[in-house]
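Welcome, and please open your viewer so that you can follow along. We will go from one selection to the next, with a short note on what to look for at each stop.

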Amino acid sequence: MASEAAASETAPSEPQARHIIYCGVCTLPPEYCEFGGTAKKCKEWLEKNHADMHEKLYSEEAVAATMSTLSLDAQKRAAKDSQKKEAKAAAAEAKAAETKAQAQVLIKRVERNKRKYVTAVSGLEAHGMDLKKVAKEWGKKFATGSSVTKTASGSEEVVVQGDNSDEIFDWVVDVAGVPEANVDCIEDKKKKGA
């Protein structure tokens with residue numbers, strides 16, 4: 001029995017799977033977040049969710065150890081590059097916030113036949129919404145057909161059967177968090193054939 005126990009201790013065990021942490025912001029491993037472009041957000045996420053990994057990567061000792069292996073010229077370049085990346089990320093974030101603040105959501109009620117309507121909603125993608133998911137949710141909520149269609153200008157809009165413009169307005173303001181000033185309701189009458 002003792003020989004069996006000794007044999008099992010020396011026998012190679014099966015290789016164990018590695019547990020790899022992926023960033024919740026850029027979906028890269030935390031060691032590679034600096035190459036993503038959202039390094040500041042990634043760093044905040046890592047500090048909040050995995051403090052031990054954040055300490056290992058971004059503590060003063062770790063940064064000093066990494067910088068000490070570089071030459072003086074390389075250290076200067078690294079500092080310059082990090083400043084450029086931070087400035088670029090901040091500018092991109094500000095631009096995205098500005099575009100989101102100015103983006104309009106148009107809710108059009110279009111007459112199909114005499115008393116039949118469809119509601120077309122465009123401009124949701126600028127507020128970070130997935131149009132297919134929104135169309136599916138509205139289809140369930142209003143118990144009607146809804147789909148994502150391309151417009152003549154090449155953009156996409158969500159088309160919902162029926163006159164649901166008031167309910168959609170409330171949903172866009174309350175659930176999606178779009179400011180009321182950025183939502184317009186338009187009634188579009190179909191032209192009669194000549």
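What follows is a tour of a predicted model, moving from strands to a core, then to a helix, a loop and a pocket.

**Stop one: the strand β1**

Begin by selecting β1, residues 105-111. Show its side chains and follow them along the strand: they alternate between two faces. V105, I107, R109 and E111 point to one face and are buried. L106, K108 and V110 point to the other face and are not buried.

**Stop two: the neighbours of β1**

Now add β2, residues 117-122. This strand runs antiparallel to β1, and six bridges join the two. Together they make a hairpin, with five residues between the strands. To see the pairing for yourself, pick R109, which stands opposite T119 in β2. Another pair to click on is K108 with its bridge partner A120.

Is β2 enclosed or open? Five of its six residues are buried, so β2 is largely enclosed by the rest of the structure.

Next, bring in β5, residues 183-188. Here the pairing with β1 is in the parallel sense, again counted over bridges, six of them. V110 of β1 stands opposite D188 in this strand.

Finally, add β4, residues 156-161. β4 pairs with β2 in the antiparallel sense over five bridges. Look for V121, whose bridge partner in β4 is V158.

**Stop three: the largest nonpolar core**

Which residues touch the most other members of the largest nonpolar core? Select L124, W138, I168, V172 and V183 to find them, out of 19 residues in this core. β1, α6 (131-142), β4 and α7 (165-174) each supply at least two of its residues. In soluble globular proteins, nonpolar side chains tend to be buried together.

Zoom in on W138. Setting aside residues up to four places away in sequence, W138 touches V121, L124, A143, S146, V158, V160, I168, W171 and V172.

**Stop four: the helix α7**

Several of those names lead on to the next selection. In α7, the buried residues are S165, I168, F169, W171, V172 and V173. Against what do the buried residues of α7 pack? Colour β1, β2, α6, β4 and β5, and you have the elements they meet.

**Stop five: N182 in its loop**

Move on to the loop between α7 and β5, where you will find N182. N182 is buried, with a relative accessible area of 9%; the cut-off for buried is under 20%. Leaving aside neighbours within four places in sequence, N182 is in contact with K100, A101, Q102, A103, Q104, V105 and H127.

**Stop six: the largest pocket**

For the last stop, turn to the largest pocket, which has a volume of about 1,200 Å³. Select E34, A39, Y58, S82 and E86: of the 30 lining residues, these lie nearest the pocket's centre.

Which helices should you colour here? α2 (39-49), α3 (51-58), α4 (60-68) and α5 (72-102) each supply at least two residues of the lining. The largest share, eleven residues, comes from α5. If you colour the lining by class, you should find 14 nonpolar, five polar and eleven charged residues.

Key
Residues are numbered from 1 along each chain as its sequence is written. This is a predicted model: local features need pLDDT of at least 70, side-chain atom pairs count only at pLDDT 80 or more; totals for chains, interfaces and linings use all residues. Side-chain values use heavy atoms; hydrogens and water are left out. A nonpolar core is a set of buried Ala, Val, Leu, Ile, Met, Phe, Trp, Tyr and Cys residues joined through side-chain atoms within 4.5 Å. Buried means under 20% relative accessible area, exposed over 50%, partly exposed in between (1.4 Å probe, protein chains only). Helices (H or I, at least four residues) and strands (E, at least two) are DSSP runs, numbered from the N terminus. Contact means heavy atoms within 4.5 Å. On a 1 Å grid over the protein atoms alone, a cavity is a set of points where a 1.4 Å probe fits but cannot get out, and a pocket is an open set with protein on both sides within 12 Å along at least five of seven lines; lining residues have an atom within 4 Å of a point. Grid points are joined across faces, edges and corners, and a volume is the space filled by probe spheres set on the points. Ala, Val, Leu, Ile, Met, Phe, Trp, Tyr, Cys and Pro count as nonpolar, Asp, Glu, Lys and Arg as charged, and the others, Gly among them, as polar. Two strands pair if DSSP finds at least two bridges between them.
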